[in-house]
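Got the model open in your viewer? Let's walk through it one selection at a time.

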Amino acid sequence: MVSFTLFEGDYPVVKQTASQEQSKSHEAPLRGFETLVYLACATKQNGACDGFSCTSDDGQSLLDTLILSQWEERAWMGRLSYDVTSCETKIVGGMKLTAQLNEEWNSNFLKEFEKKAFQSSGGIIKPSYIKNNQEEILFCVSSGERERSVLVPFVATPQEGTLIIVNANPIEYGHIFLVPYCHHKRTQSIGGALQLITQIADEVDNLSFRMFYDYLATNTDRTYFQASYFANPLPVELLPIIPIYGSLIDGIQILEVADYPLNALVFASNNLRKLADVVGEICSTLQHRNTVFNLLISDCGTKMFLFPQVHLPVTGHHLHAWECGGYFIYRKSLDFDNASEKEISKCLASVSIDAEGFQSLKQLCCGITAKLS
């Protein structure tokens, strides 16, 4: 279990009594709800933190430690449905696809979480969820004004930020929901949320940490992300990529994943702010077109994979972002034993948009990138 000694260590922790003046501009509490608040450092114009993320002597960042310790505490408290670390996994085929056997995994967990946590319209978190499920909420992340990130113990939630919530049905170690919210808006767009989400990935500063976003054209007003820790890169991250626009030297590079049954693009940049702006605008455009897609955010926020999917309203069959990345979960031993590269590739290809649609998407992405660069 990860040790958690933030209040006695070298991390910057703002005491509640000393932070009242500093947090006046941030606070607009979810009534009756107090939690740990992680205030991310202010960002420069180039998208990096002024003071970068805080790290301990062993190199682990404050935010990384906070996520893992709070998640493991909930596991110890029995808030998880099973021990995901005991699940059997195996590598499948030459693409090194990953199969996990998890007989207790609930495939409907996203629908159940949305129904439990969100109001029926507007994408707003239910006050009753906050009141009755406080043990599921690990902490809150919000943008700060200091040069270094700080942890404010148990204060009212800021005006806007991202709630970090444990996922009781994890697909991997440290599985969490990240739910952006803003008291001044009834809905939170992915474009507006990506800035802080990308900064969270940067401040976690752990290459095992990957974030996901699923847009299924049915949860149009509910913007939330997921994240988990993977010991190895996802299969799609290991495949060759073909540059189609720009370069890292110029700012943002767009690449196409080669030799993969699901058409996918990769956006890469060391300027996190610009990367979040561009990908956020592209995702907003796809949402307006009612296009099903997924995002995979890796490499501490510097790389984003975009997986467009065909819309299948009759069957309702769509893949999660980790499945798009080549990580599949099986609930039956027989299916797990019979998992093959051919079968998984067929599943990936079944939701891939055609060549004409993919070419149109590439043109759209290049156009938006050029406009915003």
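Start by selecting H6 (residues 272-288) and H10 (residues 355-372); these two cross in a right-handed way (the near helix is turned clockwise from the far one by less than a right angle; anticlockwise would be left-handed). Show the side chains at the contact: Asp-277, Val-278, Glu-281, Ile-282, Thr-285 and Leu-286 come from H6, and Leu-361, Leu-364, Cys-365, Ile-368, Thr-369 and Leu-372 from H10 (contact means heavy atoms within 4.5 Å). Color them by class and you get eight nonpolar, two polar and two charged residues. Here Ala, Val, Leu, Ile, Met, Phe, Trp, Tyr, Cys and Pro count as nonpolar, Asp, Glu, Lys and Arg as charged, and the others, Gly among them, as polar. The helices pack at about 135°, axes 9 Å apart, with axes fitted to C-alpha atoms over the stretch in contact and angles running from 0 to 180 degrees between N-to-C directions. That makes the H6 and H10 pair oblique (under 35 degrees is roughly parallel, over 145 roughly antiparallel, 65 to 115 roughly perpendicular, the rest oblique).

A note on the setup: this is a predicted model, where local features need pLDDT of at least 70 and side-chain atom pairs count only at pLDDT 80 or more, while totals for chains, interfaces and linings use all residues. Residues are numbered from 1 along each chain as its sequence is written, and side-chain values use heavy atoms, with hydrogens and water left out. Helices (H or I, at least four residues) and strands (E, at least two) are DSSP runs, numbered from the N terminus.

Keep H6 and add H5 (residues 190-204): they pack at about 140°, with axes 8 Å apart. This crossing is right-handed, and the pair is oblique. On the H5 side, pick out contact residues including Leu-194 and Thr-198; on H6, Ala-276 and Cys-283 are among them.

Now hop to strand E4 (residues 137-143), where six of seven residues are buried (under 20% relative accessible area with a 1.4 Å probe, protein chains only; over 50% is exposed, in between partly exposed). What pairs with E4 in the parallel sense? Strand E1 (residues 34-40), over four bridges; DSSP must find at least two for strands to pair. Zoom in on Val-37 opposite Cys-140, then Tyr-38 with its bridge partner Val-141. E1 also has six of seven residues buried, so E1 is largely enclosed by the rest of the structure.

Last stop: strand E6 (residues 160-166), which pairs with E4 in the antiparallel sense over four bridges. Select Ile-137 and you'll find Ile-165 of E6 opposite.
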